[in-house]
Amino acid sequence: MAHGHTVKRYTGLMDWLTTVDHKKIGILYLIAGGFFFLIGGLEAILIRIQLWKPLNDFVDPNTFNELITMHGTTMIFLAAMPLLFALMNAIVPLQIGARDVAFPFVNALGFWTFFFGGLLLNISWIVGAVPDAGWTSYVPLATSSEGAGVDYYVLGLQIAGIGTLVGGLNFLVTIINMRAPGMSFMRMPMFTWSAFIASSLILLAFPALTVGLAALMFDRLFSANFFNIAGGGNAVLWEHIFWIFGHPEVYILILPAFGIISEVISTFSRKRLFGYSSMVFATILIGFLGFMVWAHHMFTAGLGPIANSLFSIATMLIAVPTGIKIFNWLFTLWGGSIKFTSAHLFAIGFVPTFVMGGVTGVMLAVAPADFQYHDTYFVVAHFHYVIVGGLVLGLFAGLHYWWPKMFGRILSEKLGKITFWTFFIGFHMTFFVQHFLALLGMQRRIYTYQNYGFDFSLMNMISTVGAFLMGIGTIIFLINVVITTRKPADAPNDPWEDGRTLEWTIPSPPPEYNFVQTPLVRGYDPYWKEKMDGNKTMTPAEPIGPIHMPSPSILPFTLSLGLFVVGFGLMYHVYVVVGIGFAITFGSMILRSLFDDPGYHIEVDELQQDKGVKG
């Protein structure tokens, strides 16, 4: 090996604990996010069992509060975000022709802090002190909640939030600095654009949540008076802090899903994405307007008619760039040579479903009407149409589409289609009727209801059956994954044969250095352009040479473990444990600072062997 450095190579579990390779970190995000997705789904099914008939006593009111709190928190912070980060890690560096992300060490740190934060939050079930103040954790409910439940929420989310923040920062730097020669901003694939804008939103929105959680922590652990009205605090302040983060968060989640849909529809229609530049500007505009609408969650908080009117108008405005995207997808499909793969079915199913979520969003944006809808199942139906009908369908599309690139194996199309139809039908059964339930008077966060007549019970029952269908769809997807994993990893570079972007130019799964030679990008959809010119491979932008790689490191893992220990100490006011945790964390930081990691080089002869093998 070059320069006399020994190369650290680990195998087995150690390899996964120490990896700084963005593709492996993507897989770690996928496994952890998938695990939390199943927990969140189980919580949802328990909620629906409790509500399937009037006056049911399947769970008691307190457990019901814990279930809805943990379901919302888990799904938004611990399932949706990491599953998007999984695809961003696996695909974005490949799409821009980069060998890795800008900061591989920080990338690993982002994963482990997220993971330990999520673990801390969910250990609350085992300890028996579960957060119960709703996923938005409104004060004074959160400040007066007994036991350590809300402390788990506060500390778990703070630790997990560090991971998301450094992850977002990493992608920003990667996309700005690491693009291949010729890959200008207006030649970037839509998925990379959406990851870029989502990362910008993370950078701007997450600090607000961190500040709010810190203030709530001080209120709970040290009896500060940020939100305590008796001590001169302000309860509405928490709503502002939470939603000035919480609304951009919705766009952090949905924009990458938009990006996935753009890639999938374009590939399986065998057409360039219609109106690419308008799609880019619509994405930027959605990101920008996303920060101007937070108080539409607070129309009933008494902000007054002027504030309500302004936020109402801003909320309606955001429908315009979203509409541009919808029409561009339809025009991309129009006249295309369409293949109905399972990935494409999810993408096509996404479009009308997301439009329905958008329409109810515009209805909720009308402040006087919102006084009627507020805190009813209408709101529940609306955001599930956007987050499940939008984000989760988008995630399924992306997983079916990029699975061969991540694992070298193509998921079974037959099982993929069964997954789609069970999940899709189950989803609409669950949430479509909830709009009408709301108009009949069904409120959110209510653990049971009187027998108000046949419609009420029937609709709740339909909703519960739909939730079980979604569960079955998810299980079929897992079966598909297990069956596929047993097959040999023999997927070709471009398994769909119509790949348009750089990730389809390299082997599946990619080697650790991604590209033997950095590709030269000659236009939008660079691989498609080379195919049109009759080339089988990309023109390289550089001669073949040794590639510098970062060494694996256990420090991201130990650093995050330290924070996990600190969280436990603070929870139970055991300050010795807090000290030990900080010692582990700062010790890891000092080791990272003092011992320089030169990395290692992959030499040209190794690369040529690889090239020879993979041809």
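These legends describe one overall view and three close-up views of a predicted protein model.

Residues are numbered from 1 along each chain as its sequence is written. In this predicted model, local features need pLDDT of at least 70, side-chain atom pairs count only at pLDDT 80 or more, and totals for chains, interfaces and linings use all residues, while side-chain values use heavy atoms and leave out hydrogens and water.

**Figure 1. The whole protein chain has 20 helices and two strands.** Helices (H or I, at least four residues) and strands (E, at least two) are DSSP runs, numbered from the N terminus. The radius of gyration is 24 Å, close to the 25 Å from the globule rule for 615 residues, so the chain is as compact as a globular protein of that length. This radius is taken over C-alpha atoms, and the rule is 2.2 Å times the number of residues to the power 0.38. The C-alpha trace spans about 70 × 65 × 50 Å along its principal axes. Of the 615 residues, 59% are buried. Buried means under 20% relative accessible area, exposed over 50%, and partly exposed in between (1.4 Å probe, protein chains only).

**Figure 2. Thr501 sits in a loop between two helices.** Helix H16 (454-485) and helix H17 (526-532) flank this loop. Thr501 is buried, with a relative accessible area of 2%. Its side chain forms a polar contact of 2.7 Å with the side chain of Glu503. A polar contact is a pair of N or O atoms within 3.5 Å; within protein, one must be able to donate a hydrogen and the other to accept it, and residues adjacent in sequence count only if both atoms are side-chain atoms. Leaving aside neighbours within four places in sequence, Thr501 is in contact with Gln95, Pro189, Glu263, Asp525 and Tyr527. Contact means heavy atoms within 4.5 Å.

**Figure 3. Asn460 lies in helix H16.** Asn460 is buried, at 0% relative accessibility. The side chains of Asn460 and Tyr449 make a polar contact (3.5 Å). Tyr449 is also among the contacts of Asn460 beyond four places in sequence. The others are Arg48, Leu51, Trp52, Leu437 and Met442.

**Figure 4. Gly118 belongs to helix H4 (residues 104-127).** Gly118 is buried, with 0% relative accessibility. Not counting residues up to four places away in sequence, Gly118 touches Phe36, Leu78 and Ala160. From Gly118 to Tyr251 is 133 residues in sequence and 21 Å in space, C-alpha to C-alpha.
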